[in-house]
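The report that follows describes a sheet, a helix and a set of charged pairs, and is meant to be read beside the structure shown here.

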Amino acid sequence: MSSTTTTTTRPVHLWLRAETKPLEHRCALTPSVARTLLAEGFRITVESSRERIFDDAEFASAGCTLVGEGSWEQDAPADAIVLGLKELPASDTFPLHHTHIHFAHCYKNQAGWQSVLSRFARGKGTLLDLEFLHDEHGRRVAAFGFMAGFAGAALGLDVWAEPSAEGRTEFGAVEPFANEALLIAHIQSRLASATAAGRALPRVLVLGALGRCGRGAVALLRKAGLPDSHIAQWDMAETKRGGPFPEIATDYDVFVNCIYLATPIPPFLTPNEIALPGRKLAVLVDVSCDPTNPHNPIPVYTECTTFTRPTVVVPTREGAVPLHVVSIDHLPSLLPRESSEGFVNDLLPSLRSLRDVPTARVWAEAEQLFRDKVALLDQV
């Protein structure tokens, strides 16, 4: 490992970089967990950030050393572990020399994966991808899945409730909520306005309802006031016959996809179902949000959306109900403080085990996976 093969006599140095993804307010370290690690002998440097949900002062109060935004590129010592959440900017091409911990989105043949991994290969750095940190049972040690489903379902209802949905091609920018109670109150108000205008409550299908993401989506729908009769919960039993499933298009107003696939299966929904004369579906929330993945099970759209531009409209036949797609790849940022706190608390045991690298299983397996993926560059 490029920078984490230090002895236990030297403190582990975590360098929390500022996120560069627009409107990303979450972070991979919270002030409370930073305080805990500092008390246990870690060294922690935190870059200043105007976007992060936690103020610089909260980290300073915890005892962290504050430095300038983006300073890791020039100032982080060789043994510092650069900790982040989302991927580095695709426009950057300089070699990476440090060990980096973040979600890189480059292990499943996503667009540009070679460029991402080649930066580490050229700089002899290491990527320890947060998505692939697993416990002894193969489960992810920390994930945003529940909050992704929760936020995705909220936006799905928000878009559906828009009074002018049928005439709109885009919706206005979405701002994060300070806490869950405010988000729930907003969605309940939107649904109340829609029903007051004579609209029936939407019927919503959650696909992957038994997973963390699906459970989050169902939890939001219930808290928003939808009765269970309006919430269809599909998982493996309901999809075992294989897609496509025309009833997704004809029987539901909102479809929340919480399934992410690494292997190909028949798609759940295709342009043929979108073109059905009786289509009822008006909002598709693809929480998985991976349209460039060759195994994408919903090949009806081609681009991700953002909090600034939260929807795209799928082209369909003239006169049909518009289909608005929400495909934001950092949905938990809708509730950034609660999302960060839950994720980082789950990650804490693994962060502690950085003192035992390279023998700590979770990090050793992550590094081996990185080496295996880098080896694929020679086959391209």
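## Sheet, helix and salt bridges

Strand E2 (residues 43–47) runs parallel to strand E3 and is joined to E3 by three bridges, where strands are DSSP runs (E, at least two residues) and helices likewise (H or I, at least four), numbered from the N terminus, and two strands pair if DSSP finds at least two bridges between them. Within this pair, threonine 45 of E2 is placed opposite threonine 65 of E3. The model is a predicted one, in which local features need pLDDT of at least 70 and side-chain atom pairs count only at pLDDT 80 or more, while totals for chains, interfaces and linings use all residues. Residues are numbered from 1 along each chain as its sequence is written, and side-chain values use heavy atoms, with hydrogens and water left out.

The two strands belong to an open sheet of six with parallel pairing, ordered E3-E2-E1-E4-E5-E6. Strand E3 (65–67) and strand E6 (126–129) stand at its edges with a single partner strand each, so one side of each has no neighbour in the sheet.

Helix H11 (residues 336–352) has 17 residues, which at 1.5 Å a residue should span 24 Å, and this agrees with the 23 Å between its end C-alpha atoms; the expected span is 1.5 Å times one less than the number of residues. H11 nevertheless bends by about 35° at aspartate 346, with proline 349 following within four residues; the bend is the angle between axes fitted to the seven residues ending there and the seven starting there. Its buried residues, among them Phe343, Val344 and Leu347, pack against helix H1 (31–39), helix H5 (145–160) and helix H12 (361–375), with contact meaning heavy atoms within 4.5 Å and buried meaning under 20% relative accessible area, exposed over 50% and partly exposed in between (1.4 Å probe, protein chains only).

The whole structure holds 21 salt bridges, each a side-chain nitrogen of Lys or Arg within 4 Å of a carboxyl oxygen of Asp or Glu. Three of them are listed below.

| Salt bridge | N to O distance |
|---|---|
| arginine 17 – glutamate 19 | 3.9 Å |
| aspartate 158 – arginine 190 | 2.5 Å |
| lysine 280 – aspartate 253 | 3.7 Å |

Arginine 17 is buried at 2% relative accessible area, and glutamate 19 is buried at 8%. Aspartate 158 lies in helix H5 and arginine 190 in helix H6 (residues 180–196), so their pair ties together parts 32 residues apart in sequence. Lysine 280 is partly exposed, at 32%, whereas its partner aspartate 253 is buried, at 11%.
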